[in-house]
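Biologist: I should like a close look at a single part of this structure. Please describe how its strands are paired, and explain each term for a first-year student.

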Amino acid sequence: MAIRSIQNSKTSKPPITTTNKPQQSTHHTMLQHFKNFKSLSNIIVILISLHILYMSFTNLSVVPRLRGSGEYGEYLSMIGGNARVDGILPNVLVVGERGSGVDLVTNWLVSSGGCTAQSPDSNTTSSAETNFFNNPSLHQLGCAFYSNLFKQCKESNASLILDGTPETLFNPTRVYNTYKSVPGALDSSLKIVVMLREPMSREFYLFNQQNKSSSMEFEEYVKDVLKPHVLKMRSSGQDAVQQLTIWAKKFKRSQMLVLSYDELEFNRGRFAWRLKKFLGSNLNGDLITDEEGDALARKIPDGAYDMLDGLYWGKNMELYHFLHEKRGPHMEHVPFQEFEYGMNGDVLLPNVLLLGAQFSGVSLVSICACITDLLIQNKACRATVFNRETYSITKEPHFFDKLDQYNKGMEFYARRYKHCYLDKMTDIVIDGTPNYLTYPERVKELYNKAPRETLAKLKFIIVLREPVGRERQVYWTKKAAYDQAKDKKNGWFQDIVNRESGEAMSFLQYVNTTLLNQPDLLTESMYVDHLSKWFQLFRRHHFLILSSDELVNNPNSVQSRLGKFLGKELSGSLGKLGDDGNVDPRAKAVLSEWFREKNEELYKFLADNPGAEMEQNPFPRFGVSSGAAASV
């Protein structure tokens, strides 16, 4: 909801055009023309308009005429007496609270050829906002008046007829009744685009845009103006969640595309893809955002942040639940990605996590360890070791995958990296634990408590290895532990030990005896299931997905990708890793079939969810090691 009480309500602002400017309150109403007329000619024009409208209301005959094959819009023939007015109802409504990006989306659609309303008093001035449904003085003029605002769109043969009035969000019943009065207008040709934005940042954005000359501090505004207004609106049912519930009852959910401003801001390509798919239109215009204003909107003062968090957190949870229960069209983000914001404070955490996959290396060499070493060579800062801990903790703290460590909390984890920030050693602070791939919820939970800047800068590196080779590496790691153990009857490697002989199984025996009877052991190699969870919780462009095949065959290319992703030229070398030998073809045949379907899902998932520009696209298909039969 927009800034209200400290605005000058007497100031008349121009209508929004297709330039990238902050949204302003615009009210092109006939009521204003009554107030502003200065000449007899204006009076005559208004009287004639009223006469036409009166005749339309008393002798209205509405006949829908579909253009072409009927894909877009409903043409209306409105005949009143001897007067004939031709118009069209919009086939795209872009709605959302002020500051949520409605104007940006509408401007993009207009720059791509979309048609907007014509001002009632002009044949040339157009406006992206009609305010028809939220302005009682306009709404009482009826469907004929509303349709005539778009009559020029019929002449231009535009495929997208737009009304980009944000406040339409709060008037679903009026929209429904208007379109219901026109036969066929409620069918699937009507598209409703709903823009949602994290409410605290949205309110601070509006405050910064509309009150630059005000002496009121944001904390004071939140306490004295915004909070009472929000509570009053909620008590009357005027909040986004309640209104979306009504929209979903009045219209088919498949007609409504709910979009997140977070995705518009941080993954514009994916945002554009969703909208193009939904509208079935090739949008070639420019999708422009207010990057400076958005950056400032994330720097919410601490005092205001605490008040707003309590005001909006519960409603956000209601929103996520509603969108989970009421699924939209197939291109909509499912589940809806939670708004990302964190708590202010002095706690600072790593900004680079190497998630795994575990055992993605060859010859008992961890690829994640190789990447960690390369970054450390380039002055990346690593964890510190506490009392009696092993030195390996510096590279792999194992915080998120070890419950006893995770339960020690954020402050404990942050203490490992405090020296990095105090000494200002580097702009890369790394946790290279390769076991985190299966713990996205823990990472999300912790970083949601961190400073917002930390969450915004967080980056993830994931190395994926062909699953059969990875499972063979798991086996070899267990085998090495078995060979070195004095007590071979106890240890984490027991699932490769033959119960009768006490000897280690071959890889083929391990596959047939252990893996196929305990399929849960194979789930970590089903990468698509894990990635889908990560991408729901964090923004896609925060991830760099690498292929272990490329690292083995072309390490320089991987090093280049890493440098571009981290925004840092990396000196030194990853080195070239050799192949780890042959896989028993019998074991390979069994496991390849087991993983085939999940691998195909992975390729499609990554193609449908492309990452940053330096990432391989499409992701290369895995190559399975081959060779003579081995009995290892």
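Modeller: The following account turns to strand pairing, beginning with the whole chain. The model is predicted, so that local features need pLDDT of at least 70 and side-chain atom pairs count only at pLDDT 80 or more, while totals for chains, interfaces and linings use all residues. Residues are numbered from 1 along each chain as its sequence is written, and side-chain values use heavy atoms, with hydrogens and water left out.

The chain contains 26 helices and 13 strands; these are DSSP runs numbered from the N terminus, with helices (H or I) of at least four residues and strands (E) of at least two. Of its 632 residues, 54% are buried, where buried means under 20% relative accessible area with a 1.4 Å probe, protein chains only.

One part is an open sheet of 4 strands in the order 7-4-8-9, with parallel pairing. Because strand 7 (162–163) and strand 9 (256–260) stand at the edges with a single partner strand each, one side of each has no neighbour in the sheet. Two strands count as paired if DSSP finds at least two bridges between them. Strand 4 (residues 92–96) is joined to strand 7 in the parallel sense by 2 bridges, and Val92 has Leu162 as its bridge partner in strand 7.

Strand 10 (residues 352–356) offers a further example, with 5 of its 5 residues buried. Strand 10 runs parallel to strand 11 (residues 430–431), joined by 2 bridges, and Leu353 has Asp431 as its bridge partner there. With strand 12 (residues 459–464), strand 10 forms 4 bridges, again in the parallel sense; here the bridge partner of Leu354 is Ile461.

Conventions. Buried means under 20% relative accessible area, exposed over 50%, partly exposed in between (1.4 Å probe, protein chains only).
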